[in-house]
Amino acid sequence: MIEDGWLISTNPATGEEAGRVPVADEKAVLAAVERAREAALWWQGLGFAGRRTRILRWRSLIVQRIEELAELTHRESGKPVTDGLIEATAAVEHLDWAARNAKRVLGPRRVRTRLLVAEHSGHLEYQPYGVVGVIGPWNYPIVTPVGPISGALAAGNAIVFKPSEYTPVVGQWLADSFAEVVPEHPVLQVVHGLGDVGGALCRSGVAKISFTGSTATAKKVMAACAENLVPVVLEAGGKDALIVDADADVEAAAEAAVWGAMTNAGQTCIGIERVYAVEPVYDRFVDAVVAKAGKLRTGEEIGPITMPKQLDIIRDHIEDALAKGGRAVLGGAEAVQAPYVSPTVLVDVPEDSSEIREETFGPTLTITKVRDADEAVTKANDTPYGLGGAVFGKKNAIRIARRLRSGMVAVNGTLTFVGMGNLPFGGVGESGFGRIHGDDGLREFARAKAITVRRGPSLLPAMTFERTPAQVKQIVKALRLLYGRKP
Ligand code: NDP
């Protein structure tokens, strides 16, 4: 809700105010980017070591105040405080890893020279973009922005961050706590508002945009950025599948499926929304999932649905699944009781139902019986999305994981890849492109810079008008010697 230039954030469970922040307009966004340009020069000048120390100080400050941050996240998004603590822990992991590894991944290095320019040495380094715009969603208001922010900061960029209108106070907390350890320049700023403020950020002259949110908005962001050829990294929605193979530990698979599907009330981009279980383990798996999910209580482990309009989408998907012949073995259409949705497990849901095809973003799970792992992979991959996924099994689990069309897969676990700062994170297809986290995530926020340096006179000059026909012949002869033979 916006009132007199203030964005008022409320707890979705109680309606209580969680805090208020000033709304930015286009002028304010441009001014923030202008300030960030100055800050970026200073931040870049600190070098890898200076930035590392400061990012690690911020990391430590977050750890010291982790309860405060988790409590704030609970007040603003409704998620259980324990979930906020775990989310903050993941953010700390990414800050720590990025700070410690930026120099290794992005710092200057020599590369081996090549035949055509043998008298030159090659040098490679990755330089920061300058100012990076980060646009974030509400579902994980700590870790989803901190993922790209950690990479972008460690690479040497200043940041202007636009949090979701549903979680601006957590966004403000991140920028304020960073300013406590880096008071000199506004290296991490935050601008608040609705979608138009995100649009203004795309057009503000930032050198790169990192967007996390829905696929529909990702397309708008990319279109806005295309106007000025601003590169983008897009972390969008998903419809992740879990495959349970014949030799899986069924109890463990059920436990991980329930957590992967229901944590954060199912409002997880990499949440498990579909399971394909092979025939021999199907019945046992369904029983185990129902037993475990049936114990979860709304208002306790299952928090509220943060965005009210999502309740209609969840209800529509459940009703569509039931209308098309699916059965609810837990929950069902009546599971949606605003602002909560109780755990719902659906079986026999046809593949053309919205519950199978579209992102539901609620604590629902479909379980489909399949002949074998091949059928499971075909069905799991039959979606325009491709974010994460999971496999439970022994002998063939990794082979199955490789065949899933997605950026990440957990074997004998769910969502685990998000907890490793050294693994890249990102999707394929409608789930977006580009990567955050890991070496690839650091490179996402820096431009490769190639430099050659003459180290002596040219014996066989190739790149000059002053080369002689005899020298060109010599070059071709050397080429034949080195590369002419069939491998
Ligand atoms: P939205 O796409 O609705 O919003 C994301 C952000 O974009 C918000 O800050 C939003 O502002 C802003 N925005 C809205 N319109 C525009 C615009 N035209 N130009 C620029 N920015 C704009 O996503 P949600 O916040 O609803 O987040 C849920 C979605 O995020 C799900 O689809 C989920 O799968 C995905 N997600 C993906 C992740 C990943 O890593 N791949 C991780 C987490 C979530 P405002 O809130 O004010 O509208």
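In this predicted model, W58 is tucked away from the surface: its relative accessible area is 0%, so it counts as buried, given that the cut-off is under 20%. W58 sits in helix α2, which spans residues 47-64. Its ring partner is F178, and F178 is buried as well, at 1% relative accessibility. The two ring centres are 5.0 Å apart and the planes meet at 85°, so this pair is edge-to-face. The contact also links distant parts of the chain, since F178 belongs to helix α6 and the two residues are 120 apart.

Taken over the whole structure, there are five aromatic pairs. Another of them joins W43 and F178, again edge-to-face, with 5.9 Å from centre to centre and 70° between the planes. Here W43 comes from helix α1 (residues 26-45) and F178 from helix α6 (residues 168-181), so the pair ties together parts that lie 135 residues apart in sequence. Like F178, W43 is buried. Add W42 to W43, W58 and F178, and the four make up one aromatic cluster.

Rings turn up next to charged side chains too. R51 lies over the face of F48, 4.9 Å from the ring centre. In a second case, R443 lies over the face of Y126, this time at 5.6 Å from the ring centre.

Out on the surface, the picture shifts to a nonpolar patch built from L479, L481, L482 and Y483, which together have about 440 Å² of accessible area. One of these, L479, is part of helix α16, covering residues 469-483. With a relative accessible area of 42%, L479 is partly exposed.

Terms used: Residues numbered from 1 in each chain as written. Predicted model: local features only at pLDDT ≥ 70, side-chain atom pairs only at ≥ 80, totals over all residues. Heavy atoms only, no water. Patch = residues over 30% accessible without salt bridge, like charges linked within 9 Å, V, L, I, M, F, W, Y side chains within 5 Å. Areas by Shrake-Rupley, 256 points an atom, 1.4 Å probe, with all protein chains shown as cover. Salt bridge = Lys/Arg side-chain N within 4 Å of Asp/Glu carboxyl O. Helix = DSSP H or I, 4+ residues; strand = E, 2+ residues; numbered from the N terminus. Buried < 20%, exposed > 50% of the residue type's maximum accessible area, 1.4 Å probe, protein only. Phe/Tyr/Trp six-rings, centres within 6.5 Å; stacked < 30°, edge-to-face > 60°. Lys NZ or Arg CZ within 6 Å of the ring centre and 35° of its normal.
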